[in-house]
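Please walk through this protein one part at a time, from its strands to its charged pairs and its surface. The sequence and the structure come next.

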Amino acid sequence: MKRIYVLSFSLIIFASFLRSEEPDTLILGRALIFGAELTGPVIYAIDNNVVNYEGYAALRLNQKYFLVTEAGYGSYKYEQYNYKSESKGMFIRLGTDINLLKPRKRIGNNYVGIGFRYGLSIFKQETPWYKYENYWGELESSIPGEMVH
């Protein structure tokens, strides 16, 4: 029995010397990352009054910092018995993301981060018609489209 313990203890020590002690940290270089928002076309298939397309591009500078550009187009229409409203336009956002995790070989290249963005948008909003009724009568008119940002 004593020999079995000595033999198993010797095997454990020998196996620990055989393991390579390579570092567990991944070194990540620059990379371009592209993506698109998938919910916009899905929502449009359900309700064709709402259109939203969005995409992004990110440049990984190293394993911690990313430069990000996001751009998109949106359109919204709503009509009720007494008015109709429309809005459409484009936007762009520029910023950075910071990865809070250190990439490790055993768990992969995961990302948990925080980001900062600055955005610009140009939209046109209009009310092609509206109708107002009260005690003294009825009024029908429209509000012409204006570019807003």
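Two strands are said to pair if DSSP finds at least two bridges between them. By that rule β2 and β3 pair in the antiparallel sense, with 11 bridges between them. What you are looking at is a predicted model.

Start with how far the model can be trusted. The mean pLDDT of the protein is 82, and 77% of its residues reach 70 or more. Residues 1-18 stay under 50 in pLDDT. For residues 1-18 the model has 0 contacts beyond four places in sequence.

Next comes the overall plan. The protein has 2 helices and 6 strands. Read along the sequence, these elements follow the pattern α-β-α-β-β-β-β-β. Among the contacts with a separation of 6 or more, 48% are between residues 24 or more positions apart. The protein has 149 residues, and buried residues make up 13% of them. Its accessible surface comes to about 11,900 Å², and 61% of that surface belongs to carbon and sulfur atoms.

Now return to the strands. Strand β1 covers residues 31-36 and pairs with β2 in the antiparallel sense over 6 bridges. One position in this pairing is alanine 31, whose bridge partner in β2 is arginine 60. On to β2 and β3, which form a hairpin with 4 residues between them. Where they pair, tyrosine 56 has glutamate 70 in β3 as its bridge partner.

Glutamate 70 leads to the next topic, the charged side chains. Side chains of opposite charge can pair when their charged atoms come close. How many salt bridges does the protein have by the rule used here? The count comes to 6.

One of these joins the side chains of glutamate 54 and arginine 93, with 2.5 Å from N to O. The pair links distant parts of the chain, since glutamate 54 is in strand β2 (residues 50-60) and arginine 93 is in strand β4, 39 residues apart. Glutamate 54 has a relative accessibility of 21% and therefore counts as partly exposed. Arginine 93 is also partly exposed, because its relative accessible area is 26%.

Arginine 93 meets a second partner as well: its side chain forms a salt bridge with that of glutamate 70, at 2.6 Å from N to O. Arginine 93 lies in strand β4 and glutamate 70 in strand β3, so this pair ties together parts that are 23 residues apart in sequence. Is glutamate 70 buried or exposed? Its relative accessibility is 13%, so glutamate 70 counts as buried.

A further salt bridge is formed by aspartate 97 and arginine 117, whose closest N and O atoms are 2.8 Å apart. Aspartate 97 lies in strand β4 and arginine 117 in strand β5, so the pair ties together parts that are 20 residues apart in sequence. Aspartate 97 is buried, because its relative accessible area is 15%. Arginine 117, at 33% relative accessibility, counts as partly exposed. The residues just described belong together: Glu54, Glu70, Arg93, Asp97 and Arg117 are linked in a network of salt bridges.

Two loops remain to be visited. Tyrosine 81 has its place in the loop between β3 (65-79) and β4. With a relative accessible area of 68%, tyrosine 81 is exposed, because the cut-off for that word is over 50%. How far apart in sequence and in space are tyrosine 81 and tyrosine 130? They are 49 residues apart in sequence, and 8.8 Å apart in space from C-alpha to C-alpha.

The other loop runs between β4 (83-99) and β5 (113-134), and leucine 101 is found there. Leucine 101 is partly exposed, because its relative accessible area of 35% falls between the cut-offs of 20% and 50%. Leucine 101 also contributes to a nonpolar surface patch of about 460 Å². The patch is made by Leu100, Leu101, Val112, Ile114 and Phe116.

Conventions:
Residues numbered from 1 in each chain as written. Predicted model: local features only at pLDDT ≥ 70, side-chain atom pairs only at ≥ 80, totals over all residues. Heavy atoms only, no water. Patch = residues over 30% accessible without salt bridge, like charges linked within 9 Å, V, L, I, M, F, W, Y side chains within 5 Å. Areas by Shrake-Rupley, 256 points an atom, 1.4 Å probe, with all protein chains shown as cover. Salt bridge = Lys/Arg side-chain N within 4 Å of Asp/Glu carboxyl O. Buried < 20%, exposed > 50% of the residue type's maximum accessible area, 1.4 Å probe, protein only. pLDDT = per-residue confidence, 0-100. Contact = heavy atoms within 4.5 Å.
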